[in-house]
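Hi everyone, thanks for making time this morning. I'd like to walk you through one protein structure, so please have the viewer open.

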Amino acid sequence: MTKNGTSSHHSPWTGMVPVDDTALAVTDTGGPGTPVVYLNGHVATQGYWRRVLAELGPGWRHITYDMRARGKSKRSADPNSFETHLRDVDAVLAARGVDRALVVGWSYGAFLAAHWASRNPGRTVGAVLVEGAQPDDWLDEAMEQRIRKLFRRLSPIMLLLRPTGLTPRMSAAQIANSNIELGKLARARNLGPVLDHITVPTRYVIASGKSFGSKGDEQERHRATLPAVAARNPHITIHPKVTSTHASILKKDFRAVAAAVREVAAPGRAKVPKT
């Protein structure tokens, strides 16, 4: 690994990485380019990144994986702990021999990317935070009950879809608890210091409109917290807002995500496309 984060040449590899009581399905495109690890949304799989990977092309070393109990990864006794998922980032990079990487996260994965970049400045080329890691005190008792009710109601549908890999192998209570844990992590007093301690080039890519389960302007209120974050930390910038929604951003505005990756890898030299 060179100082600028470019890896030595590796052949493409797809397989299972054993971690604790589970195994993660990992894909590594190999090659000599800068390693980029992609961190998924809460119930998403690595396939969601395919358009971003295609847009960036083979000049990068793309590393994607399914989180515990998602996609092709195995279940574990602890499939919904944020700290567990954070340690899994280290496990995947260690298994693939990567010392320094650029982290890209969408939704839940943006929180993981922000925490990982904040804790590992010497190992992080940069970070791209897509529709997540927004410090906002949105979780209260009423919201907790709303989250639990939502996933109880969706449980029969999720069970039907589980064999397809489109929904995680987790109970409704586990999924709800994981979302509630994220709400606590998102509180300004918790997430603010994490973002303030980021010392590598970091770019937010934000969407428009609602997200799954949100009402009214809730999602826009989350996004409205970001200018203050960028004002406090000169390493953080905000990409021009895109028109796609939280759920569709990787599908419809993958070019904006790819542009942000190029920008954090070479600050000041990448051109931001008009949106």
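Let me start with something to look up on your screens: where is the place of Asn80? Asn80 lies in the loop between strand 4, residues 61-65, and helix 2, residues 82-95. Before we go on, please keep in mind that this is a predicted model.

Let's stay with Asn80 for a moment. Is Asn80 buried or exposed? Asn80 has a relative accessible area of 15%, and because the cut-off for buried is under 20%, Asn80 counts as buried. Setting aside residues up to four places away in sequence, Asn80 touches His85, Tyr108, Met170, Gln174, Asn177, Ser178 and Glu181. If you want a distance to check in your viewer, take His42: it sits 38 residues from Asn80 in sequence, and the two C-alpha atoms are 9.2 Å apart.

Now let's zoom out to the whole chain. The protein chain has 10 helices and eight strands. Its C-alpha atoms fill a box of roughly 50 × 40 × 30 Å along the principal axes. How does the radius of gyration compare with that of a compact globule? For 275 residues the globule would come out near 19 Å, and the protein chain has 18 Å, so the two agree.

The burial and contact numbers add to this picture. Buried residues make up 56% of the 275 residues. Among contacts with a separation of 6 or more, 74% are between residues 24 or more positions apart. On the outside, the chain exposes about 12,100 Å², with carbon and sulfur atoms supplying 56% of that area. For those of you who think about electrostatics, there are 38 positive and 23 negative side chains, and the centres of the two sets lie 6 Å apart.

On to the interior. In soluble globular proteins, nonpolar side chains tend to be buried together. Here, the largest nonpolar core has 40 residues, and the members touching the most others are Val37, Tyr65, Leu93, Leu129, Leu195 and Tyr204. Which helix supplies the largest share of this core? That is helix 3, residues 108-119, with eight residues. There is also a second, separate core of 26 residues, which includes Val36, Ala44, Trp60 and Val205.

Please click on Leu129 next. Leaving aside its neighbours within four places in sequence, Leu129 is in contact with Gly105, Ala110, Ala113, Ala114, Thr202, Arg203, Tyr204 and Val205. Notice Val205 in that list, which we just met in the second core.

Now for the backbone, and a question for the torsion-angle fans: which residue has a phi near 60° without being a glycine? It is Ser107, found in the loop between strand 5, residues 101-106, and helix 3. Ser107 is buried, with a relative accessible area of 17%. Not counting residues up to four places away in sequence, Ser107 touches Gly41, Val130, Glu131, Gly132 and His246. As a contrast in space, the C-alpha atoms of Ser107 and Ala77 are separated by 23 Å, with their positions 30 residues apart along the chain.

Ala133 also has a positive phi, about 55°, although it is not a glycine. You'll find Ala133 in the loop between strand 6, residues 124-130, and helix 4, residues 141-161. Its relative accessibility is 0%, so Ala133 counts as buried.

Two last stops. Gly183 is in helix 5, residues 172-186, and is buried with a relative accessible area of 0%. Apart from residues up to four places away in sequence, Gly183 touches Trp138 and Leu139. The C-alpha atoms of Gly183 and Glu144 are separated by 8.9 Å, with the two residues 39 apart along the chain.

Finally, Thr22 is in strand 2, residues 22-28, and at 5% relative accessibility it counts as buried. Beyond its neighbours within four places in sequence, Thr22 is in contact with Val17, Arg68, Lys74, Arg75 and Ser76. Arg148, by comparison, is 126 residues from Thr22 in sequence and 26 Å away in space, C-alpha to C-alpha.

That's my tour. Thanks for listening, and I'm happy to go back to any of these places with you.

Methods:
Residues numbered from 1 in each chain as written. Predicted model: local features only at pLDDT ≥ 70, side-chain atom pairs only at ≥ 80, totals over all residues. Heavy atoms only, no water. Helix = DSSP H or I, 4+ residues; strand = E, 2+ residues; numbered from the N terminus. Rg over C-alpha atoms; globule rule 2.2 N^0.38 Å. Buried < 20%, exposed > 50% of the residue type's maximum accessible area, 1.4 Å probe, protein only. Contact = heavy atoms within 4.5 Å. Areas by Shrake-Rupley, 256 points an atom, 1.4 Å probe, with all protein chains shown as cover. Lys, Arg positive; Asp, Glu negative; His and termini not counted. Charge placed at Lys NZ, Arg CZ, Asp CG, Glu CD. Core = buried A, V, L, I, M, F, W, Y, C linked by side-chain atoms within 4.5 Å.
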